[in-house]
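Here are some short exercises to try with the model on your screen. Have a go at each task before you read its solution.

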Amino acid sequence: MEWFERTKPYEADLIADLNQIVKIPSILDPNTQSDRTPFGVDMARALAKMEELAARDGFRYGRVDNMVTWIEYGPADAAETVAILTHIDIVPAGEGWLRDPFKPEILDGLYFGRGAADMKADLMSAYYAMKYLADHEITLTRKIRLIIGTDEENGWRDLPRYFEVEGEPTMGFSPDGAFPVVNGEKAFQTVQLRFANQTTGDYVLRRFIAGSRPNVVPGEARARVSVPNPAQVQNEFATYLAQYPFLSGQSEVRDQEVLLLLKGVQAHGAYPQDGENAGTYLANFLRRFAFNADAKTFLDFIGRVVHDDIGAENLGLRYHDDVMGDLTLNVGVMRFSQNGQGTILLNFRYPQGVNVQAVTTQVQRHLGDFAATVEVWPGGMEPHLVPETDELVGTLSLVYAKQTGMYMNPRTSNGGSYARLLKRGVAFGGQFPDVPVTSHQANESTPVANLTRSMAIFAESLLKLAK
(Lines give C-alpha, C1' and ligand atoms only; values in the text may rest on other atoms or scores of the structure.)
Protein backbone atom coordinates (compact mmCIF):
# COMPACT_ATOMS: atom_id res chain seq x y z
CA MET A 1 0.00 0.00 0.00
CA GLU A 2 1.28 3.49 -0.85
CA TRP A 3 2.21 5.70 2.07
CA PHE A 4 -0.39 8.32 1.22
CA GLU A 5 -3.13 5.68 1.34
CA ARG A 6 -1.87 4.63 4.76
CA THR A 7 -1.99 8.14 6.19
CA LYS A 8 -5.18 9.45 4.58
CA PRO A 9 -7.45 7.78 7.21
CA TYR A 10 -5.79 9.98 9.85
CA GLU A 11 -6.96 13.22 8.23
CA ALA A 12 -10.06 13.93 10.35
CA ASP A 13 -8.25 13.33 13.64
CA LEU A 14 -5.25 15.35 12.50
CA ILE A 15 -7.48 18.31 11.64
CA ALA A 16 -9.33 18.07 14.95
CA ASP A 17 -6.06 18.22 16.88
CA LEU A 18 -4.70 20.98 14.64
CA ASN A 19 -7.81 23.06 15.34
CA GLN A 20 -7.03 22.97 19.05
CA ILE A 21 -3.53 24.32 18.46
CA VAL A 22 -4.50 27.03 15.94
CA LYS A 23 -7.17 28.36 18.30
CA ILE A 24 -4.43 29.27 20.81
CA PRO A 25 -2.86 32.65 19.86
CA SER A 26 0.67 31.58 20.76
CA ILE A 27 2.30 34.97 20.19
CA LEU A 28 5.09 36.40 22.33
CA ASP A 29 3.36 38.33 25.12
CA PRO A 30 5.62 40.45 27.37
CA ASN A 31 2.64 41.27 29.59
CA THR A 32 2.27 37.68 30.81
CA GLN A 33 5.92 36.62 30.93
CA SER A 34 7.21 34.88 34.07
CA ASP A 35 9.52 32.02 35.01
CA ARG A 36 6.68 29.58 34.37
CA THR A 37 5.59 31.37 31.19
CA PRO A 38 8.82 32.81 29.71
CA PHE A 39 7.14 33.86 26.47
CA GLY A 40 3.61 34.41 27.73
CA VAL A 41 0.61 32.49 28.98
CA ASP A 42 -0.71 31.49 25.56
CA MET A 43 2.64 29.96 24.62
CA ALA A 44 2.51 27.83 27.76
CA ARG A 45 -1.07 26.82 26.90
CA ALA A 46 0.07 25.67 23.46
CA LEU A 47 2.86 23.51 24.89
CA ALA A 48 0.47 22.05 27.46
CA LYS A 49 -1.94 21.10 24.69
CA MET A 50 0.78 19.23 22.81
CA GLU A 51 1.73 17.42 26.02
CA GLU A 52 -1.92 16.51 26.48
CA LEU A 53 -1.95 14.92 23.03
CA ALA A 54 1.30 13.09 23.78
CA ALA A 55 -0.14 11.65 27.01
CA ARG A 56 -3.30 10.57 25.16
CA ASP A 57 -1.26 8.74 22.54
CA GLY A 58 1.16 7.08 24.94
CA PHE A 59 4.35 8.96 24.05
CA ARG A 60 7.14 9.86 26.45
CA TYR A 61 7.39 13.62 26.82
CA GLY A 62 9.00 16.35 28.89
CA ARG A 63 9.71 20.06 29.09
CA VAL A 64 12.88 22.16 29.33
CA ASP A 65 12.73 25.46 31.25
CA ASN A 66 9.11 25.96 30.16
CA MET A 67 10.50 26.91 26.73
CA VAL A 68 10.57 23.59 24.88
CA THR A 69 8.44 20.45 24.93
CA TRP A 70 9.84 17.19 23.58
CA ILE A 71 7.82 14.13 22.55
CA GLU A 72 9.60 10.84 21.95
CA TYR A 73 9.13 7.45 20.28
CA GLY A 74 11.60 4.60 19.97
CA PRO A 75 14.05 2.94 22.36
CA ALA A 76 14.60 5.28 25.29
CA ASP A 77 18.20 4.11 25.69
CA ALA A 78 19.11 4.48 22.01
CA ALA A 79 22.55 5.98 21.48
CA GLU A 80 21.39 8.06 18.51
CA THR A 81 18.47 10.41 18.02
CA VAL A 82 16.64 11.62 14.92
CA ALA A 83 15.13 15.02 15.70
CA ILE A 84 12.14 16.82 14.22
CA LEU A 85 12.72 20.49 15.03
CA THR A 86 9.55 22.57 15.17
CA HIS A 87 8.05 25.65 16.81
CA ILE A 88 4.58 26.45 18.04
CA ASP A 89 4.93 30.24 18.25
CA ILE A 90 3.49 32.44 15.51
CA VAL A 91 3.70 36.05 14.34
CA PRO A 92 0.86 38.49 15.18
CA ALA A 93 -2.21 38.13 12.99
CA GLY A 94 -1.88 41.58 11.42
CA GLU A 95 -4.50 43.27 9.28
CA GLY A 96 -6.45 42.18 6.22
CA TRP A 97 -7.99 38.90 7.36
CA LEU A 98 -11.35 37.97 5.84
CA ARG A 99 -12.10 35.69 8.81
CA ASP A 100 -10.97 35.28 12.40
CA PRO A 101 -7.34 33.99 12.25
CA PHE A 102 -7.86 32.01 15.47
CA LYS A 103 -11.06 30.28 14.43
CA PRO A 104 -9.73 27.87 11.80
CA GLU A 105 -11.93 27.12 8.82
CA ILE A 106 -11.75 24.93 5.73
CA LEU A 107 -12.91 26.60 2.53
CA ASP A 108 -12.44 25.31 -1.02
CA GLY A 109 -9.96 22.70 0.14
CA LEU A 110 -7.80 25.17 2.07
CA TYR A 111 -7.27 25.23 5.82
CA PHE A 112 -7.22 28.86 7.05
CA GLY A 113 -5.76 30.21 10.29
CA ARG A 114 -2.70 31.96 11.67
CA GLY A 115 0.01 29.32 11.78
CA ALA A 116 -1.55 27.16 9.08
CA ALA A 117 1.57 27.50 6.94
CA ASP A 118 4.12 28.56 9.57
CA MET A 119 4.12 26.09 11.14
CA LYS A 120 1.33 24.51 13.17
CA ALA A 121 0.01 22.37 10.32
CA ASP A 122 3.47 20.96 9.63
CA LEU A 123 4.04 20.44 13.35
CA MET A 124 0.86 18.38 13.48
CA SER A 125 1.72 16.45 10.31
CA ALA A 126 5.08 15.56 11.86
CA TYR A 127 3.42 14.58 15.13
CA TYR A 128 1.01 12.31 13.27
CA ALA A 129 3.88 10.79 11.28
CA MET A 130 5.42 9.73 14.58
CA LYS A 131 1.99 8.60 15.77
CA TYR A 132 1.65 6.38 12.68
CA LEU A 133 4.90 4.59 13.54
CA ALA A 134 3.77 4.16 17.15
CA ASP A 135 0.29 2.95 16.20
CA HIS A 136 1.86 0.25 14.04
CA GLU A 137 4.41 -0.61 16.75
CA ILE A 138 7.31 -0.27 14.32
CA THR A 139 10.63 -1.19 15.92
CA LEU A 140 13.40 1.38 15.59
CA THR A 141 17.14 1.47 16.29
CA ARG A 142 17.37 5.22 16.75
CA LYS A 143 14.81 7.10 18.81
CA ILE A 144 12.79 9.94 17.35
CA ARG A 145 12.23 13.20 19.19
CA LEU A 146 9.75 15.84 18.17
CA ILE A 147 11.19 19.04 19.67
CA ILE A 148 8.76 21.96 19.96
CA GLY A 149 10.14 25.46 20.50
CA THR A 150 8.38 28.69 21.45
CA ASP A 151 10.71 31.51 20.37
CA GLU A 152 11.47 30.90 16.71
CA GLU A 153 9.70 34.04 15.53
CA ASN A 154 11.66 36.24 17.93
CA GLY A 155 14.96 35.62 19.68
CA TRP A 156 15.70 31.87 19.34
CA ARG A 157 16.24 31.61 23.09
CA ASP A 158 14.54 28.21 23.35
CA LEU A 159 16.26 25.45 21.38
CA PRO A 160 19.84 26.51 22.25
CA ARG A 161 18.82 26.08 25.89
CA TYR A 162 17.27 22.69 25.05
CA PHE A 163 20.58 21.54 23.52
CA GLU A 164 22.45 22.67 26.64
CA VAL A 165 20.21 20.49 28.80
CA GLU A 166 19.45 17.52 26.53
CA GLY A 167 22.40 17.49 24.14
CA GLU A 168 22.50 17.73 20.35
CA PRO A 169 20.63 15.06 18.36
CA THR A 170 22.54 12.90 15.89
CA MET A 171 20.71 14.35 12.91
CA GLY A 172 17.36 15.83 12.09
CA PHE A 173 15.10 17.92 9.94
CA SER A 174 12.78 20.83 10.45
CA PRO A 175 9.45 20.81 8.57
CA ASP A 176 9.62 24.61 8.69
CA GLY A 177 10.86 25.06 5.16
CA ALA A 178 9.94 23.52 1.84
CA PHE A 179 10.14 20.37 -0.22
CA PRO A 180 12.47 19.06 -1.55
CA VAL A 181 15.41 19.05 0.89
CA VAL A 182 16.73 22.46 1.91
CA ASN A 183 20.32 21.63 2.81
CA GLY A 184 21.49 25.24 2.87
CA GLU A 185 20.12 28.27 4.68
CA LYS A 186 21.36 31.79 4.26
CA ALA A 187 22.56 33.83 7.18
CA PHE A 188 20.03 36.14 8.75
CA GLN A 189 20.92 39.27 10.65
CA THR A 190 18.94 42.28 11.81
CA VAL A 191 20.63 45.68 11.90
CA GLN A 192 19.07 48.44 14.00
CA LEU A 193 19.32 52.14 13.21
CA ARG A 194 18.65 54.46 16.14
CA PHE A 195 18.34 58.21 15.78
CA ALA A 196 16.90 61.39 17.23
CA ASN A 197 13.64 62.81 15.93
CA GLN A 198 13.96 66.57 15.66
CA THR A 199 11.86 68.34 13.09
CA THR A 200 10.52 71.90 12.71
CA GLY A 201 9.15 74.13 9.98
CA ASP A 202 5.94 74.19 7.98
CA TYR A 203 5.99 70.43 7.42
CA VAL A 204 6.31 68.40 10.60
CA LEU A 205 6.37 64.60 10.83
CA ARG A 206 4.61 63.99 14.14
CA ARG A 207 4.60 60.22 13.95
CA PHE A 208 5.38 57.39 11.58
CA ILE A 209 4.72 53.71 12.36
CA ALA A 210 5.19 50.64 10.17
CA GLY A 211 5.92 47.00 10.95
CA SER A 212 6.03 44.93 14.12
CA ARG A 213 8.74 42.33 13.40
CA PRO A 214 12.00 42.55 11.43
CA ASN A 215 11.18 39.28 9.65
CA VAL A 216 7.82 40.47 8.30
CA VAL A 217 7.22 42.77 5.34
CA PRO A 218 4.94 45.49 6.81
CA GLY A 219 1.47 45.34 5.34
CA GLU A 220 0.34 48.60 6.93
CA ALA A 221 1.89 52.00 7.69
CA ARG A 222 0.55 55.11 9.41
CA ALA A 223 1.77 58.69 9.60
CA ARG A 224 0.58 61.90 11.28
CA VAL A 225 1.87 65.12 9.73
CA SER A 226 1.33 68.86 10.22
CA VAL A 227 1.22 70.68 6.89
CA PRO A 228 0.26 74.13 5.53
CA ASN A 229 -2.28 72.71 3.07
CA PRO A 230 -3.91 69.44 4.21
CA ALA A 231 -6.13 69.24 1.13
CA GLN A 232 -3.07 69.22 -1.13
CA VAL A 233 -1.57 66.29 0.78
CA GLN A 234 -4.85 64.39 0.61
CA ASN A 235 -5.19 64.94 -3.14
CA GLU A 236 -1.60 63.94 -3.86
CA PHE A 237 -1.96 60.86 -1.65
CA ALA A 238 -5.00 59.73 -3.64
CA THR A 239 -3.09 60.24 -6.87
CA TYR A 240 -0.10 58.33 -5.51
CA LEU A 241 -2.25 55.34 -4.51
CA ALA A 242 -3.88 55.31 -7.94
CA GLN A 243 -0.44 54.79 -9.50
CA TYR A 244 0.02 51.51 -7.60
CA PRO A 245 -2.98 49.16 -7.87
CA PHE A 246 -1.53 46.85 -5.20
CA LEU A 247 -1.69 49.67 -2.62
CA SER A 248 -4.70 51.10 -0.81
CA GLY A 249 -5.19 53.64 1.93
CA GLN A 250 -7.08 56.57 3.33
CA SER A 251 -6.48 60.01 4.75
CA GLU A 252 -8.18 62.14 7.38
CA VAL A 253 -7.75 65.80 8.31
CA ARG A 254 -7.79 66.94 11.93
CA ASP A 255 -7.15 70.65 12.32
CA GLN A 256 -3.92 71.22 10.35
CA GLU A 257 -2.82 67.64 10.68
CA VAL A 258 -3.27 64.84 8.17
CA LEU A 259 -3.52 61.21 9.26
CA LEU A 260 -2.41 58.80 6.56
CA LEU A 261 -2.97 55.06 6.37
CA LEU A 262 -1.31 53.05 3.60
CA LYS A 263 -1.84 49.33 3.09
CA GLY A 264 0.58 47.22 1.10
CA VAL A 265 1.03 43.44 1.06
CA GLN A 266 2.35 41.66 4.16
CA ALA A 267 4.74 38.76 3.57
CA HIS A 268 7.52 36.78 5.21
CA GLY A 269 10.65 38.89 5.50
CA ALA A 270 12.75 36.05 4.10
CA TYR A 271 10.98 36.59 0.77
CA PRO A 272 10.43 40.35 0.50
CA GLN A 273 9.68 39.99 -3.21
CA ASP A 274 6.35 38.39 -2.20
CA GLY A 275 5.19 41.55 -0.40
CA GLU A 276 4.76 45.26 -0.94
CA ASN A 277 6.32 47.23 1.91
CA ALA A 278 3.73 49.70 3.18
CA GLY A 279 6.31 51.58 5.25
CA THR A 280 8.77 52.36 2.49
CA TYR A 281 5.95 53.27 0.11
CA LEU A 282 4.49 55.73 2.62
CA ALA A 283 7.91 57.29 3.16
CA ASN A 284 8.42 57.42 -0.60
CA PHE A 285 5.23 59.44 -0.87
CA LEU A 286 6.00 61.81 2.00
CA ARG A 287 9.55 62.66 0.94
CA ARG A 288 8.16 64.85 -1.86
CA PHE A 289 7.15 67.43 0.76
CA ALA A 290 9.43 69.98 2.44
CA PHE A 291 10.17 68.18 5.71
CA ASN A 292 13.46 69.12 7.30
CA ALA A 293 16.01 67.98 9.89
CA ASP A 294 15.68 64.36 11.07
CA ALA A 295 12.30 63.87 9.41
CA LYS A 296 13.81 64.63 6.02
CA THR A 297 16.70 62.19 6.41
CA PHE A 298 14.42 59.49 7.87
CA LEU A 299 11.98 59.72 4.97
CA ASP A 300 14.78 59.90 2.42
CA PHE A 301 16.53 56.81 3.78
CA ILE A 302 13.50 54.51 3.88
CA GLY A 303 11.63 56.18 0.99
CA ARG A 304 14.58 56.29 -1.42
CA VAL A 305 17.72 54.46 -0.29
CA VAL A 306 16.11 51.19 0.80
CA HIS A 307 12.70 51.51 -0.90
CA ASP A 308 11.95 48.78 -3.45
CA ASP A 309 15.54 47.53 -3.24
CA ILE A 310 15.39 43.96 -1.94
CA GLY A 311 18.86 43.28 -3.33
CA ALA A 312 20.31 46.13 -1.18
CA GLU A 313 22.06 47.51 -4.24
CA ASN A 314 21.75 51.10 -2.97
CA LEU A 315 23.62 50.03 0.17
CA GLY A 316 26.44 48.56 -1.89
CA LEU A 317 25.54 45.05 -0.77
CA ARG A 318 24.35 43.39 -3.95
CA TYR A 319 25.90 39.91 -3.88
CA HIS A 320 25.34 36.52 -5.52
CA ASP A 321 26.76 33.11 -4.59
CA ASP A 322 26.44 30.31 -7.15
CA VAL A 323 25.48 27.77 -4.47
CA MET A 324 23.35 29.82 -2.07
CA GLY A 325 21.98 32.64 -4.23
CA ASP A 326 21.44 36.36 -3.60
CA LEU A 327 21.59 38.63 -0.57
CA THR A 328 18.17 40.13 0.26
CA LEU A 329 16.92 42.95 2.47
CA ASN A 330 13.62 43.49 4.30
CA VAL A 331 12.86 46.81 6.01
CA GLY A 332 10.80 45.32 8.80
CA VAL A 333 10.19 48.05 11.40
CA MET A 334 10.08 51.86 11.02
CA ARG A 335 9.37 54.27 13.89
CA PHE A 336 9.48 58.08 14.12
CA SER A 337 8.01 60.15 16.94
CA GLN A 338 8.65 63.90 17.05
CA ASN A 339 11.24 64.81 19.69
CA GLY A 340 11.59 61.16 20.65
CA GLN A 341 13.75 58.20 19.68
CA GLY A 342 13.44 56.67 16.25
CA THR A 343 14.18 53.15 15.04
CA ILE A 344 14.57 51.28 11.76
CA LEU A 345 15.16 47.51 11.66
CA LEU A 346 16.80 46.11 8.53
CA ASN A 347 16.64 42.32 8.16
CA PHE A 348 19.30 40.82 5.87
CA ARG A 349 19.53 37.29 4.46
CA TYR A 350 22.90 36.56 2.88
CA PRO A 351 24.84 33.59 1.47
CA GLN A 352 28.34 32.37 2.19
CA GLY A 353 30.89 34.98 1.14
CA VAL A 354 29.26 37.80 3.15
CA ASN A 355 29.61 38.52 6.86
CA VAL A 356 27.91 40.77 9.38
CA GLN A 357 30.83 43.19 9.47
CA ALA A 358 30.50 43.83 5.73
CA VAL A 359 26.77 44.43 6.16
CA THR A 360 27.08 46.94 9.00
CA THR A 361 29.99 48.73 7.31
CA GLN A 362 28.03 49.25 4.11
CA VAL A 363 24.93 50.44 5.96
CA GLN A 364 27.06 52.98 7.84
CA ARG A 365 28.68 54.20 4.61
CA HIS A 366 25.32 54.85 2.97
CA LEU A 367 23.59 56.78 5.74
CA GLY A 368 24.46 60.09 4.10
CA ASP A 369 23.12 62.91 6.28
CA PHE A 370 21.14 60.46 8.38
CA ALA A 371 22.62 60.81 11.90
CA ALA A 372 21.85 57.28 13.01
CA THR A 373 23.81 54.77 15.03
CA VAL A 374 24.14 51.30 13.54
CA GLU A 375 23.82 48.34 15.91
CA VAL A 376 23.71 44.59 15.33
CA TRP A 377 20.77 42.85 16.96
CA PRO A 378 21.70 39.75 18.95
CA GLY A 379 20.63 36.37 17.70
CA GLY A 380 21.78 36.49 14.09
CA MET A 381 23.01 33.35 12.36
CA GLU A 382 25.76 32.68 9.83
CA PRO A 383 25.14 30.60 6.67
CA HIS A 384 24.45 26.88 7.17
CA LEU A 385 25.17 24.12 4.65
CA VAL A 386 24.98 20.30 4.93
CA PRO A 387 26.79 18.47 2.08
CA GLU A 388 24.60 16.69 -0.45
CA THR A 389 26.65 13.55 0.23
CA ASP A 390 25.35 13.29 3.81
CA GLU A 391 23.08 10.28 4.54
CA LEU A 392 20.40 12.65 5.83
CA VAL A 393 20.19 14.63 2.58
CA GLY A 394 20.24 11.53 0.40
CA THR A 395 17.57 9.65 2.35
CA LEU A 396 15.12 12.55 2.47
CA SER A 397 15.66 13.36 -1.21
CA LEU A 398 14.90 9.78 -2.25
CA VAL A 399 11.78 9.52 -0.08
CA TYR A 400 10.41 12.74 -1.58
CA ALA A 401 11.19 11.52 -5.10
CA LYS A 402 9.56 8.13 -4.47
CA GLN A 403 6.34 9.56 -3.05
CA THR A 404 5.92 12.43 -5.50
CA GLY A 405 7.36 10.78 -8.60
CA MET A 406 9.74 13.69 -9.10
CA TYR A 407 13.38 13.98 -8.03
CA MET A 408 14.47 17.53 -7.21
CA ASN A 409 17.96 18.57 -6.20
CA PRO A 410 18.56 19.89 -2.68
CA ARG A 411 18.51 23.67 -2.53
CA THR A 412 19.18 26.77 -0.45
CA SER A 413 16.54 28.86 1.33
CA ASN A 414 16.29 32.49 2.42
CA GLY A 415 14.34 31.34 5.45
CA GLY A 416 15.92 30.41 8.74
CA SER A 417 14.75 27.19 10.38
CA TYR A 418 15.89 25.47 13.55
CA ALA A 419 17.65 22.91 11.32
CA ARG A 420 20.63 25.25 11.20
CA LEU A 421 21.21 24.64 14.90
CA LEU A 422 22.25 21.05 14.11
CA LYS A 423 25.51 20.16 12.41
CA ARG A 424 23.52 17.57 10.47
CA GLY A 425 20.23 19.42 10.15
CA VAL A 426 18.17 20.34 7.08
CA ALA A 427 14.79 21.87 6.42
CA PHE A 428 12.37 19.43 4.80
CA GLY A 429 8.76 20.40 4.09
CA GLY A 430 6.04 21.18 4.51
CA GLN A 431 5.76 23.79 1.73
CA PHE A 432 5.19 22.02 -1.60
CA PRO A 433 6.61 23.61 -4.78
CA ASP A 434 3.17 24.03 -6.37
CA VAL A 435 1.59 25.88 -3.41
CA PRO A 436 1.74 29.68 -2.97
CA VAL A 437 3.64 30.82 0.13
CA THR A 438 1.27 32.41 2.68
CA SER A 439 3.48 32.38 5.78
CA HIS A 440 3.18 35.59 7.84
CA GLN A 441 0.48 36.88 5.48
CA ALA A 442 -3.16 37.69 6.03
CA ASN A 443 -5.49 34.75 5.28
CA GLU A 444 -2.65 32.29 5.83
CA SER A 445 -3.63 28.84 4.58
CA THR A 446 -2.48 25.38 3.58
CA PRO A 447 -4.18 22.79 1.35
CA VAL A 448 -6.02 20.20 3.43
CA ALA A 449 -4.80 17.40 1.17
CA ASN A 450 -1.21 18.29 2.02
CA LEU A 451 -1.69 17.60 5.73
CA THR A 452 -1.62 13.82 5.27
CA ARG A 453 0.54 14.12 2.16
CA SER A 454 3.25 15.68 4.32
CA MET A 455 2.52 13.17 7.06
CA ALA A 456 3.21 10.33 4.63
CA ILE A 457 6.54 11.79 3.53
CA PHE A 458 7.59 12.44 7.12
CA ALA A 459 6.55 8.97 8.28
CA GLU A 460 8.58 7.11 5.66
CA SER A 461 11.52 9.46 6.16
CA LEU A 462 11.53 8.87 9.91
CA LEU A 463 11.27 5.13 9.39
CA LYS A 464 14.30 5.07 7.08
CA LEU A 465 16.38 7.41 9.26
CA ALA A 466 15.56 5.67 12.56
CA LYS A 467 15.25 2.03 11.46
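**Exercise 1. Work out the volume and lining of the second largest cavity.**

Keep in mind that this is a predicted model.

Step 1: Start with the volume, which is about 30 Å³ for the second largest cavity.

Step 2: Find the residues around this space. The second largest cavity is lined by T37, P38, F39, G40, M43, A44, N66 and T150.

Step 3: Sort the lining by class. There are 4 nonpolar and 4 polar residues, and no charged ones.

**Exercise 2. Describe the largest cavity and find which elements line it.**

Step 1: Count the cavities of 30 Å³ or more: the structure holds 2.

Step 2: Turn to the largest cavity, with a volume of about 70 Å³. It has 13 lining residues, and those closest to its centre are G430, Q431, V435, T446 and P447.

Step 3: Look for elements that give two or more residues to this lining. They are β25 (430-431) and β26 (445-447). The most comes from β26, with 3 residues.

Step 4: Sort by class again. The lining of the largest cavity has 6 nonpolar, 6 polar and 1 charged residue.

**Exercise 3. Check the length of helix α2 and explain where its buried residues lie.**

Step 1: Helix α2 covers residues 11-22, which makes 12 residues. At 1.5 Å a residue, the helix should span 16 Å, and this agrees with its end C-alpha atoms, which are 16 Å apart.

Step 2: List the buried residues, those under 20% relative accessible area. In α2 they are E11, L14, I15, D17, L18, I21 and V22.

Step 3: Look down the axis of α2. The buried residues fall within an arc of 170°, so they line one face of the helix.

Step 4: Recall a general rule to make sense of the spacing. An α-helix has 3.6 residues a turn, so residues three or four places apart point the same way.

Step 5: Ask what this face meets. The buried residues of α2 pack against α1 (3-7), α3 (41-56), β4 (105-107), β5 (110-112), α4 (120-135) and α11 (449-466).

**Exercise 4. Describe the second largest pocket.**

Step 1: The second largest pocket has a volume of about 470 Å³. Its lining holds 26 residues, with G94, E95, G219, E220 and Q266 closest to the centre.

Step 2: At least two lining residues each come from β11 (204-210), β12 (216-217), β13 (220-226) and β19 (328-337). Strand β13 gives the most, with 3 residues.

Step 3: By class, this pocket's lining divides into 10 nonpolar, 10 polar and 6 charged residues.

Key
Residues numbered from 1 in each chain as written. Predicted model: local features only at pLDDT ≥ 70, side-chain atom pairs only at ≥ 80, totals over all residues. Heavy atoms only, no water. Helix = DSSP H or I, 4+ residues; strand = E, 2+ residues; numbered from the N terminus. Expected span 1.5 Å × (residues − 1). Buried < 20%, exposed > 50% of the residue type's maximum accessible area, 1.4 Å probe, protein only. Arc of directions from axis to C-beta. Contact = heavy atoms within 4.5 Å. 1 Å grid on protein atoms, 1.4 Å probe; cavity = no way out; pocket = protein on both sides within 12 Å on 5 of 7 lines; lining within 4 Å. Points joined across faces, edges and corners; volume = space filled by probe spheres on them. Nonpolar A, V, L, I, M, F, W, Y, C, P; charged D, E, K, R; others polar.
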